[in-house]
Amino acid sequence: MPDLTTTDHLTGSKLRIKLDEPAALRTIQKIVSEAHGLTRADLLGPCRLKKVAHARQLAMWIARTLLGTSYPQIGKAFGNRDHSTAMYAVKAVASRAASEYHADAPRVQKILALREEAERALAPKEEEAHQSPLAFIFA
């Protein structure tokens with residue numbers, strides 16, 4: 001059974017680069033909310049409906065596993081929630097995915113597909129990847 005707290009072995013991901021973290025978190029929130037037919041405000045709001053809570057937990061899990069964002073930062077980015085809420089969310093997604101791994105493989109694949117979509121959206125563009133760190137001096 002896979003350990004979905006670190007999914008590098010499943011996705012081949014090594015995206016642990018430093019990004020503009022608030023912008024990266026907004027991107028993750030946008031991708032997950034659109035995939036679930038919600039708004040970003042739904043993810044940040046107080047709603048506890050199962051559909052909203054699961055989407056919010058998934059976005060928190062992606063933020064943690066893809067970016068390595070700290071639990072306090074995740075909580076703050078998702079409507080000023082406590083770090084323990086973010087910890088619970090990451091464990092809940094990993095646990096649900098592990099228990100559904102054989103029984104509901106398409107759902108697990110959807111979770112991983114959303115993570116990969118977020119990774120692609122956050123990956124540096126080709127020209128940025130090859131740009132010298134001193135390029136701004138010569139511009």
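Gln-29 touches Arg-40, Leu-43, Leu-44, Ala-77 and Phe-78, leaving out residues up to four places away in sequence. That's a handy way into this predicted model, so let's stay with the residue for a moment. Gln-29 sits in helix α2, which covers residues 21-35. Is Gln-29 buried or exposed? Its relative accessible area is just 1%, under the 20% cut-off, so Gln-29 counts as buried. Its side chain still has polar partners: a polar contact of 2.7 Å joins it to the side chain of Arg-40, and it reaches the backbone oxygen of Ala-77 at 2.9 Å.

**The overall build**

Stepping back, the chain has nine helices and zero strands. Reading along the sequence, you get the pattern α-α-α-α-α-α-α-α-α. Of the 139 residues in the chain, 38% are buried. Among contacts with a separation of 6 or more, 65% are between residues 24 or more positions apart. As for the outside, the accessible surface comes to about 8,200 Å², with 56% of that belonging to carbon and sulfur atoms.

**Three helices and their lengths**

Here is how three of the helices compare with the span expected at 1.5 Å a residue.

| Helix | Number of residues | Expected span | Distance between end C-alpha atoms |
|---|---|---|---|
| α2 | 15 residues | 21 Å | 21 Å |
| α4 (residues 50-67) | 18 residues | 26 Å | 25 Å |
| α7 (residues 105-122) | 18 residues | 26 Å | 26 Å |

For α2, the end-to-end distance agrees with the expected span. The same verdict, agreement, holds for α4 and for α7.

**Helix α2**

Back to the home of Gln-29. The buried residues of α2 are Glu-21, Ala-24, Leu-25, Ile-28, Gln-29, Ile-31, Val-32 and Ser-33. What do they pack against? Their partners are α3 (40-44), α4, α5 (71-77) and α7. After α2 comes Gly-37, with a positive phi near 70°.

**Helix α4 and the nonpolar core**

In α4, 14 of the 18 residues are buried, so this helix is largely enclosed by the rest of the structure. Gly-68 follows α4, and its phi is positive, near 70°.

The largest nonpolar core holds 30 residues, and the members touching the most other members are Ile-28, Val-32, Leu-58, Trp-61, Ile-62 and Leu-67. Which elements give two or more residues to this core? They are α2, α4, α6 (83-99) and α7. The biggest contributor is α4, with ten residues.

**Helix α7, one face in and one face out**

The buried residues in α7 are Val-108, Ile-111, Leu-112, Leu-114, Arg-115, Ala-118, Glu-119 and Leu-122. Looking down the axis of α7, these buried residues fall within an arc of 150°, so they line one face of the helix. The face turned away from that buried side carries the exposed residues Pro-106 and Arg-120.

Two residues of α7 are worth a closer look. Take Ala-118 to start with, a residue of helix α7. With a relative accessibility of 1%, under the 20% cut-off, Ala-118 counts as buried. If you set aside neighbours within four places in sequence, Ala-118 is in contact with Ile-28, Ile-31, Ile-62 and Leu-66. It also shows how the fold brings distant parts of the chain into one neighbourhood: Ala-118 and Val-32 are 86 residues apart in sequence and 8.6 Å apart in space, C-alpha to C-alpha.

Then there's Ile-111, also in helix α7. Its relative accessibility is 11%, which is under 20%, so Ile-111 counts as buried. How many residues separate Ile-111 and Leu-58 in sequence? The answer is 53, and their C-alpha atoms are 7.5 Å apart in space. Again setting aside neighbours within four places, Ile-111 is in contact with Leu-58, Trp-61, Val-93 and Ala-97.

**A loop residue on the outside**

Finally, a look at Asn-80, in the loop between α5 and α6. Its phi is near 55°, a positive value in a residue other than glycine. Buried or exposed, which is Asn-80? At 64% relative accessibility, over the 50% cut-off, Asn-80 counts as exposed.

Key
Residues numbered from 1 in each chain as written. Predicted model: local features only at pLDDT ≥ 70, side-chain atom pairs only at ≥ 80, totals over all residues. Heavy atoms only, no water. Helix = DSSP H or I, 4+ residues; strand = E, 2+ residues; numbered from the N terminus. Buried < 20%, exposed > 50% of the residue type's maximum accessible area, 1.4 Å probe, protein only. Polar contact = N/O pair within 3.5 Å; in protein donor to acceptor, adjacent residues only side chain to side chain. Contact = heavy atoms within 4.5 Å. Areas by Shrake-Rupley, 256 points an atom, 1.4 Å probe, with all protein chains shown as cover. Expected span 1.5 Å × (residues − 1). Arc of directions from axis to C-beta. Core = buried A, V, L, I, M, F, W, Y, C linked by side-chain atoms within 4.5 Å.
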